[in-house]
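Biologist: Please take one part of this model and go through it closely. I would like the cut-offs stated along with the values.

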Amino acid sequence: MIQALHDLWGGFGVALMPQNLMWSFFGVLVGNLIGVLPGMGALSAISILLPLTYSLTPVPAILMLAGIYYGSMYGGAIGAILLNLPSHPPHAVTCLDGYPLTQQGKGGVALSITMMASFFAASCGIIVMVFLSPLLVSVATDFGPPELFAIMLLGLLCGATMSRGAALNGIAMALLGLVVGAAGTDVNSGVARFTFGFDELSDKVELVALALGLFGVSDFLCNVNRVKAVGSKTKLSFHDMKPSAAELKQSFFPMLRGTLVGLLFGAMPGTGPTITTFVAYALEKRLSKTPDRFGQGAIEGVAAPEASSHSKTQVDFIPTMSLGIPGDAVMALILGALLIQGIQPGPQLITEHADLFWGLVASFWVGNILLIVLNVPLIGLWVRMLRLPYRYMFPSALFFIAVGVYSTNNSLFEVGEVLVFGVAGAVLLKLNFPVAPILLGYVLGPMLEENFRRALIISRGDLSVFLSHPISAVVLAICAGILLLQLFLAVRGPRVPDRAGRQPHNLPSAEPVADHQKILGTHS
């Protein structure tokens, strides 16, 4: 421990060098600003600025890219909370309660909770990196294809049953997401699946197009006749943006549990932040005594997923740098930047490039402090954006969506995908189907299939491999328990409403209007 503290102190000396600090600030600033724009997440920003690292030495290059990564994570939360636009897929979960809070005039409070959760979770992630990196690396090596398959299946079941209304609706949408995720070229056989004759779909459906279509465009179509501004009730004074003591108390334990979920998944190579936020949200809803509040503006529904995504973001660097296994596409780009600089990720990286590793760890703290300094005075600006008339705001948002999606791969076909998913999302919302499980099924489907195939190849087709590994057996038992619980709730049937006439939380609403529509308020 003393050696780790000594190394961390040396890392602060590296991170606070004027040149390194300048590039770290540049990365955080660019990431924060781009994260707010719909469709322009960390992946787009790092892709655009990756050639800039060719002329830099390894330390400032990696510090800049890391700053863009976690800076865009917070910037993406701003768009999700204020405009219901998840520029980064993990923030799709934040939309579920963040946007309703904005509708209630609490957008500033939601942003404040997000900032606190991000700093707390990032700090915990950094501490884990400092003291538990060797242990997490050893744990990560215990997760083979059977274990990863079981974890993916658990995340899929949790996400499918977390939505309001009938669990069957959520499961159906998760299966739809699996079908969408299966579109493209099969990596093993090379056969095109579910492309319907479109060559553009051979490289799978674009994730950004799916997320922005289901959450952004569908919301615009459902509210096309709105006259009032989105945040017409939102107050702008700094005092009104401070959470109350009750809101801080409500957020603390969800923030802590979300952080723990992010730390757990951060140690698992090959798992991105999207599954982490879904699992954290599902966990909070299951533990809540009032699960009906989720989806209507529960502050816990913002604190838990945001904490999980930021702790996951920090710990993601452990398998990437120590094992050379990236957690998602963004980490794959950072891994590529390391290779461009002539640095080979692996167990020896911490000793052979101590200045890079410990400078990066220290820069996380420096960068998160810079995020607070940047965003505390800007919260008023973000909330003031909501005073714009709706007829100007959402057409502008659609413009940025189109530009952001097009800039990802310079493809107009993907802009068309956004339109298709937007129309489909609007129809599903009108029919009272949740759309969040579609995104989860899309993300987890390919990884679920890949790890299932790998496990069967290793065991030569023996399905007992999933039960012979202790970790996968325990996780599969939990999955079976979730299914039995849902079956029990379905067989038990409706419960008698309480004296206040409220429906039990495990029943679908009797009203034919979608829950999402209730959140959005009255249409003009």
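Modeller: The answer below takes one helix, α9, and then a few residues elsewhere.

This is a predicted model, in which local features need pLDDT of at least 70 and side-chain atom pairs count only at pLDDT 80 or more, while totals for chains, interfaces and linings use all residues. Residues are numbered from 1 along each chain as its sequence is written, and side-chain values use heavy atoms, with hydrogens and water left out.

Helices are DSSP runs of H or I with at least four residues, numbered from the N terminus. Helix α9 covers residues 207–222, and its end C-alpha atoms are 22 Å apart, which agrees with the 22 Å expected for 16 residues at 1.5 Å a residue; the expected span is 1.5 Å times one less than the number of residues. At Gly213, α9 bends by about 40°, the bend being the angle between axes fitted to the seven residues ending there and the seven starting there. Helix α9 is largely enclosed by the rest of the structure, because 14 of its 16 residues are buried. Buried means under 20% relative accessible area, exposed over 50%, and partly exposed in between, with a 1.4 Å probe and protein chains only.

Elsewhere, Ser118 lies in helix α6 (residues 107–140) and is buried at 6% relative accessible area. A polar atom of the Ser118 side chain lies 2.8 Å from the backbone oxygen of Met115.

Met22, in helix α2 (residues 18–36), is partly exposed at 48%. Met22 and Met64 are 42 residues apart in sequence, and their C-alpha atoms are 8.8 Å apart in space.

Technical notes
Helices (H or I, at least four residues) and strands (E, at least two) are DSSP runs, numbered from the N terminus. A polar contact is a pair of N or O atoms within 3.5 Å; within protein, one must be able to donate a hydrogen and the other to accept it, and residues adjacent in sequence count only if both atoms are side-chain atoms.
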